[in-house]
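Here is a short tour of one protein chain, meant to be read with the model open beside it. Take a moment to turn it around before reading on.

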Amino acid sequence: MGLSSKNPYCALVLGGSFDPVHTGHIALAKHLCDVLKPDELRIIPAGQPWQKSALTATSEQRVSMLKLAFEEWSGCKLIIDEQEIRRAEAHIASYTIETLRELRTELGAQASICFAMGADQLLNLHTWHQWKDLFGVAHLCAASRPGFDISLACPEVTKEWQERMISPEEMRASAAGGTYLDSSLAIDVSATQLRKELKQHNPTIRLLVTHKVLDYIQQHSIYQNNGY
């Protein structure tokens, strides 16, 4: 998946709680990698997200599950970046804008940084800390089920998103500021529902997590004794 010499280095960034990592995360990563053809996939598990309640799995468990889920990843370099976990352990609030700024410092001003999100995150973008500043450090790309309507987002987000829309080729060739919406990803997994099904030992969970992740969850009884 290497890029031609005329393009800058490109990193596709996938952040999230990954509590647990599921097939929707993997599908989103694979789909956007096929479209954007980045040099690296940077997965950044959250420390303690300020917009969510306490996570069930520990940081160590979530990182271990990510490594298992992406164990057979191929096509571009894979990095599991624990910067947000480190900030949480130091009792420092962590926001996506800060994470992307740190990544920008690491990769340089010319690198193309593409931050990936699901449609549900896009609809809540207006609630993110300094969300408009995200465009100054990265591109934003989202994938959704067929038929998703961007106008369902906050009007300010919809306007900003539509005015910044560019092609995957333009996104790879520039550093930041663009948006891309792919509405052909027909996979939608709810982590909340998944945790409920894990507690209930629903056999359908085998379709929602890889077998190695499921084995790990069962071996460590992660979602068995909690409020879900």
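Which backbone oxygen does the side chain of Thr127 reach? The side chain meets the backbone oxygen of Asn124, at 2.7 Å. Keep in mind throughout that this is a predicted model.

## Around Thr127

Thr127 sits in the loop that runs between helix H5 (119-123) and E5. Its relative accessible area is 33%, so Thr127 counts as partly exposed. In space, the C-alpha of Thr127 is 9.6 Å from that of Cys154, with the two positions 27 residues apart in sequence numbering.

The loop between H5 and E5 also holds Gln130. Gln130 is not a glycine, yet its phi is positive, near 50°. With a relative accessible area of 35%, Gln130 is partly exposed.

## The chain as a whole

Let us step back for the overall picture. The chain has nine helices and six strands. It contains 228 residues, and 49% of them count as buried. About 10900 Å² of the chain is exposed, with carbon and sulfur atoms supplying 50% of that area.

Contacts across the sequence are plentiful here: taking those between residues at least 6 apart in sequence, 77% join residues at least 24 apart.

## Two nonpolar cores

The largest nonpolar core is made of 39 residues, and those with the most contacts inside it are Leu12, Val21, Leu36, Leu41, Met65, Phe70 and Cys141. Two or more residues each come from strands E1 (10-16), E2 (40-45), E4 (112-118) and E5 (139-143), and from helices H1 (23-36), H2 (59-69), H8 (191-199) and H9 (211-220). H1 gives the largest share, eight residues.

Met65 is a good place to look inside. Beyond its neighbours within four places in sequence, Met65 is in contact with Phe18, Pro20, Val21, Ala57, Val213, Tyr216, Ile217, Ile222 and Tyr223. A second core, separate from the one above, has 25 residues, including Val13, Ile113, Leu134 and Phe148.

## Strand E5, covered on both faces

Is E5 mostly covered or mostly open? It is mostly covered, with five of its five residues buried. His139, Cys141 and Ala143 are buried on one side, while Leu140 and Ala142 are buried on the other. This fits a general pattern: side chains in a regular strand alternate between the two faces of the sheet.

E5 also has partners in the sheet. E4 and E5 run parallel and are joined by five bridges, with Ala116 standing opposite Cys141. E5 pairs with strand E6 (residues 179-182) as well, again in the parallel sense, over four bridges. In that pairing Cys141 stands opposite Tyr180. Cys141 is also one of the residues with the most contacts inside the largest core.

## Helix H9 and its two sides

Which residues of H9 are buried? They are Val213, Leu214, Tyr216 and Ile217. These residues lie on the same side of H9, because they cover an arc of only 160° around the axis. The general geometry is familiar: an α-helix has 3.6 residues a turn, so residues three or four places apart point the same way.

The face of H9 turned away from this buried side carries exposed residues, His211 and Gln219. Three of the names on the buried side, Val213, Tyr216 and Ile217, also appear among the contacts of Met65. After H9 comes Ser221, with a positive phi near 50°.

## Backbone details in the loops

Most residues other than glycine have a negative phi, and most peptide bonds are trans. Against that background, a few places deserve a look. The peptide bond joining Asp19 and Pro20 is cis, with omega about 5°. Pro20 is found in the loop between E1 and H1.

Lys37, in the loop between H1 and E2, has a positive phi of about 50° although it is not a glycine. Lys37 is partly exposed, its relative accessible area being 39%.

Thr58 belongs to the loop between E2 and H2. Its relative accessibility is 41%, so Thr58 counts as partly exposed. Thr58 and Asp19 are 39 residues apart along the chain, and their C-alpha atoms are separated by 8.8 Å.

Terms used
Residues are numbered from 1 along each chain as its sequence is written. This is a predicted model: local features need pLDDT of at least 70, side-chain atom pairs count only at pLDDT 80 or more; totals for chains, interfaces and linings use all residues. Side-chain values use heavy atoms; hydrogens and water are left out. A nonpolar core is a set of buried Ala, Val, Leu, Ile, Met, Phe, Trp, Tyr and Cys residues joined through side-chain atoms within 4.5 Å. Buried means under 20% relative accessible area, exposed over 50%, partly exposed in between (1.4 Å probe, protein chains only). Contact means heavy atoms within 4.5 Å. The arc is that of the directions from the helix axis to the C-beta atoms. Accessible areas come from the Shrake-Rupley method with a 1.4 Å probe; for residues, only the protein chains shown count as cover. A polar contact is a pair of N or O atoms within 3.5 Å; within protein, one must be able to donate a hydrogen and the other to accept it, and residues adjacent in sequence count only if both atoms are side-chain atoms. Two strands pair if DSSP finds at least two bridges between them.
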